[in-house]
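Trainee: Could you take me through one part of this structure closely? Please pick a starting point and build outward from there.

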Amino acid sequence: VAESAGGASAPPPGRRLGLSHTQLAGALEDQADGAVSLPLLSSTACEMILQYCDTVWRGLTRVASNSKRRRSSQSDAAGEGMWSQDESSEEGVLPTSAEQDQETLAQELLGRPLEMDAAGLGPLVSSLMFLIVDPLADMAFAKELGGGKLDWRHGFIVGYAQDKTLGATRTSLVRHTDDSEVTVNLCLGRDFSGGEVRLLGLRGEDRVDQEDYCPEVGRGLVHIGRQIHEVTPVTGGERFALILWARAWGSTRAQVCPCCWMNRRREQGGSDGRASRTASNQECGGSYDCICGPQWN
């Protein structure tokens, strides 16, 4: 499936890879306005993904720790009056520029969510995107997409824990929206308490209904990207999630200023909430305030 989908690209025109609406309908459960959930992976598959990620995180930790060991060795040698730059270079104590770059990058990556394409898990992201997310969005969020089709995806794995552990660098997540048309939040485990996804309504809409979604291993929460949400503090264990952002660059985002689309800004007298990408001042700043408009640029 990933090869047919071309990695991060959409399937060939006229070719549909995903499940049918009938196949999906029986598995969906409504969670809130603009949010549904469904089972996506077995608990065994989730644990296999986490074991793979553990290997990646341990490898990054080894690379990042080289600089700490080197600094310690230099400090000990200098204290004994034995250290010299020439001698330490021959012994490999002083790093090369490339080694320093690798160590710095490893330290930075350990503090971020694990990007799935970089970790070799891109085919899994593409499979979820074109088998599940694309047809599901066409069925459940067609109005939101305005007839557009999802054609881009970005996947990453994020971890939460009360106290930082390998791969779990967060305790909670502040209120926000995603830079996506559709988001998948798939719980990978492990045993944890707390860490609910709090859904707080759609950005740009007057209606606000709070719903707390309790993650279940293998089950994915699929919601509109402009759904305001947060993650409550994890009070025990570790909570890992596979996050997939899907966008419609070739349709929705090609027709509308993304900033105005996300915030549902409307032209004076208009009612469709869209800002046409036409000539000059009509792009997005003609009759309402937008940082993408000519008055800001």
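Mentor: Start with one residue pair: leucine 173 stands opposite valine 231 in E11. Residues are numbered from 1 along each chain as its sequence is written. This is a predicted model, where local features need pLDDT of at least 70 and side-chain atom pairs count only at pLDDT 80 or more, while totals for chains, interfaces and linings use all residues; side-chain values use heavy atoms, with hydrogens and water left out.

Next, the strands around that pair. E5 and strand E11 (residues 227–231) pair in the antiparallel sense over two bridges. Two strands count as paired if DSSP finds at least two bridges between them. Strands (E, at least two residues) and helices (H or I, at least four) are DSSP runs, numbered from the N terminus.

Now widen the view to the sheet. Four strands make an open sheet, ordered E5-E11-E8-E9, with antiparallel pairing. Strand E5 (173–176) and strand E9 (211–213) are at the edges; each has a single partner strand, so one side of each is left without a neighbour in the sheet. From one strand to the next, the twist averages 20 degrees. Axes here are lines fitted to C-alpha atoms, for helices over the stretch in contact, and angles run from 0 to 180 degrees between N-to-C directions.

Move on to strand E10 (residues 219–224). Six of its six residues are buried. Buried means under 20% relative accessible area, exposed means over 50%, and partly exposed lies in between (1.4 Å probe, protein chains only). E10 pairs with strand E2 (residues 35–39): five bridges join them, and they run antiparallel. Alanine 35 stands opposite histidine 223 in E10. Strand E6 (residues 182–189) is also joined to E10 by five bridges, again antiparallel. There, valine 182 stands opposite isoleucine 224 in E10.

What lies in the core? In soluble globular proteins, nonpolar side chains tend to be buried together. A nonpolar core is a set of buried Ala, Val, Leu, Ile, Met, Phe, Trp, Tyr and Cys residues joined through side-chain atoms within 4.5 Å. The largest one here has 41 residues, and those with the most contacts inside it include Leu136, Phe141 and Val222. E2, E6 and E10 are among the elements that each supply at least two residues of this core, as are helix H3 (43–79) and helix H6 (122–140). H6 gives the most, with eight residues.

Look at phenylalanine 141. Leaving out residues up to four places away in sequence, phenylalanine 141 touches Gly34, Ala35, Val36, Leu136, Val182, Val222, His223 and Ile224. Contact means heavy atoms within 4.5 Å. A second, separate core of seven residues includes Val158, Val231, Val234 and Ala241. Val231 is the residue opposite leucine 173, where we began.

Now the charges. Side chains of opposite charge can pair when their charged atoms come close. A salt bridge is a side-chain nitrogen of Lys or Arg within 4 Å of a carboxyl oxygen of Asp or Glu. The whole structure has eleven. One of them joins glutamate 29 to arginine 219, with the closest N and O atoms 3.4 Å apart. Glutamate 29 lies in strand E1 (residues 29–32) and arginine 219 in strand E10, so this pair ties together parts 190 residues apart in sequence. Glutamate 29 is partly exposed, at a relative accessible area of 43%. Arginine 219 is buried, at 14%.

Another bridge joins glutamate 47 to arginine 190, whose closest N and O atoms are 3.6 Å apart. Glutamate 47 is in helix H3; arginine 190 is in the loop between E6 and strand E7 (192–194), 143 residues away. Glutamate 47 is partly exposed, with 28% relative accessible area. Arginine 190 is partly exposed too, at 23%. Arginine 190 also bridges to glutamate 238, at 3.8 Å between the closest N and O atoms. Glutamate 238 sits in strand E12, 48 residues from arginine 190. Through shared partners, salt bridges join Glu47, Asp54, Arg190 and Glu238 into one network.

Finally, step back to the whole chain. It has nine helices and twelve strands. Of its 297 residues, 40% are buried. Among contacts between residues at least 6 apart in sequence, 75% join residues at least 24 apart.
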